[in-house]
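Me: I should like to learn how to read the features of a protein model. Could we work through one example together?

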Amino acid sequence: MKPGVPNTPSRKALLTTVSSDSHSWNLIFMELFLAERGFEVTNLGPCCPTELTVTQSQETTYDVIVISSINGHGVIEAPDILNALRHAGVTTPVAVGGKLDTSSDLETGDKLAQAGFDGVFPDTSSTLFDDFNIFLDRLEACHPSTCLGCTGCANAAAASTSAMGVAAE
Ligand code: B12
């Protein structure tokens, strides 16, 4: 940041969770992390109804929607949020992360990637935040050779599935 120039975030992130999840410190952590990355963050808080995530994402244009869940229900409930968003015509890239199941199932990341998430970040990965940073970098500087193939992206036609932001477990 240049001296005397206000650090005005130019990018917006919507932070939410699944409706069953009452944990809040993961959301606070992710809010601070995204703010540090230069995002203006709207944090919808714990136990967020899916309808609120959808209406909020329609009212404001976000650069990314991040679902953080740690109660173990993410693998079941997060795809419902994604489906509701896409059904409502919201094309914003959606990432999901945290403690996403109750058994550290190695297939959970793949299941969520197959459900259509643009980035999947189970906290069983030792490179979790390196991978998430790469995902955010690619969103910021998206061009055909690095495109993640996010829904609605003009560069998506050139994307390869190998660029999908799924953190290794
Ligand atoms: C504090 C706590 C609570 C508090 C929450 C208070 C509050 N205001 O948040 C209380 C006591 C209320 C609670 C309740 C419950 N809890 Co609790 N809780 C915890 C505990 C001890 C710490 C969680 C925490 O705040 N961590 C601090 C934050 C900063 O870290 P974090 O949440 O792990 O998030 C990190 C990563 O996951 C990651 N991350 C998270 N989201 C995302 C998203 C992206 C995109 C990325 C990149 C990374 C990322 O980044 C964070 C920083 O590294 C954990 C155990 C533990 N040691 O983790 C259990 C834990 C999360 N709870 C658990 C459970 C089961 C429950 C209950 C269901 C218990 C019950 N039977 O009632 C209820 C939840 C009910 C519900 N409806 O959700 C389980 C979840 C099991 C699972 N996932 O397999 C855990 C893991 C305990 C355990 N070992 O069994 N809990």
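Me: Which of the residues around the ligand come nearest?

Reply: Please bear in mind that this is a predicted model. The shell around the ligand has 23 residues, of which Trp25, Ser68, Gly72, Gly97 and Gly98 come nearest. Two or more residues of this shell are given by each of helix 1 (25-36), strand 3 (64-69), strand 4 (94-98) and helix 5 (128-140).

Me: Which element supplies the largest share of the shell around the ligand, and how many of the shell residues are nonpolar, polar and charged?

Reply: Helix 1 supplies the largest share, with 4 residues. Sorted by class, the shell contains 11 polar, 9 nonpolar and 3 charged residues.

Me: Let us turn to the overall fold. What pattern does the protein follow along the sequence?

Reply: The pattern is β-α-β-α-β-α-β-α-β-α-β, built from 6 strands and 5 helices. Considering contacts between residues at least 6 apart in sequence, 69% join residues at least 24 apart.

Me: How should I read the packing of two helices, and at what angle do the axes of helix 2 and helix 3 cross?

Reply: One may consider the axes, the handedness and the residues in contact in turn. The axes of helix 2 (residues 50-59) and helix 3 (residues 74-87) come within 10 Å, crossing at roughly 40°, and the crossing is right-handed. On the side of helix 2, the contact is formed by Thr50, Thr53, Val54 and Ser57, and helix 3 contributes Asp80, Ile81, Ala84 and Leu85. By class, these residues comprise 4 nonpolar, 3 polar and 1 charged.

Me: How should I approach the interior, and which residues of the largest nonpolar core touch the most other members?

Reply: In soluble globular proteins, nonpolar side chains tend to be buried together. Here the largest nonpolar core has 32 residues, and Ala13, Val66 and Val96 touch the most other members. Among the elements giving two or more residues to this core are strand 1 (11-16), strand 2 (39-43) and strand 5 (119-122). Helix 3 gives the most, 5 residues. Beyond its neighbours within four places in sequence, Val66 is in contact with Ala13, Leu15, Met30, Leu34 and Ala95. Over the protein, 36% of the 169 residues are buried.

Me: Why does Leu148 count as buried?

Reply: Burial is judged by counting C-beta neighbours, with a threshold of 20 or more within 10 Å. Leu148 counts as buried because it has 23 C-beta neighbours inside 10 Å. Leu148 is placed in the loop between helix 5 and strand 6 (165-166). Its C-alpha atom is separated by 7.1 Å from that of Asp118, 30 residues apart along the chain.

Me: Is Pro122 buried or exposed?

Reply: Pro122, in strand 5, is buried, because 24 other C-beta atoms lie within 10 Å. From C-alpha to C-alpha, Pro122 and Val75 are 9.9 Å apart in space, and 47 residues apart in sequence.

Me: Finally, how should I read backbone angles, and what is phi of Cys47?

Reply: Most residues other than glycine have a negative phi, and most peptide bonds are trans. Phi of Cys47 is nevertheless positive, near 50°. Cys47 lies in the loop between strand 2 and helix 2 and is partly exposed, with 14 other C-beta atoms within 10 Å.

Me: Where does Ser104 lie, and what is its phi?

Reply: Ser104 lies in the loop between strand 4 and helix 4 (108-114). Its phi is a positive value near 50°. Ser104 is partly exposed, with 13 other C-beta atoms within 10 Å.

Technical notes. Residues are numbered from 1 along each chain as its sequence is written. This is a predicted model: local features need pLDDT of at least 70, side-chain atom pairs count only at pLDDT 80 or more; totals for chains, interfaces and linings use all residues. A residue is near a molecule or strand if its C-beta atom, placed from the backbone, lies within 6 Å of it. Ala, Val, Leu, Ile, Met, Phe, Trp, Tyr, Cys and Pro count as nonpolar, Asp, Glu, Lys and Arg as charged, and the others, Gly among them, as polar. A residue is buried if 20 or more other C-beta atoms lie within 10 Å of its own, exposed if 12 or fewer, and partly exposed in between; C-beta atoms are placed from the backbone. Two residues are in contact if their C-beta atoms, placed from the backbone, lie within 7 Å. Axes are lines fitted to C-alpha atoms, for helices over the stretch in contact, and angles run from 0 to 180 degrees between N-to-C directions. A crossing is left-handed if the near helix is turned anticlockwise from the far one by less than a right angle, and right-handed if clockwise. A nonpolar core is a set of buried Ala, Val, Leu, Ile, Met, Phe, Trp, Tyr and Cys residues joined through C-beta atoms within 7 Å.
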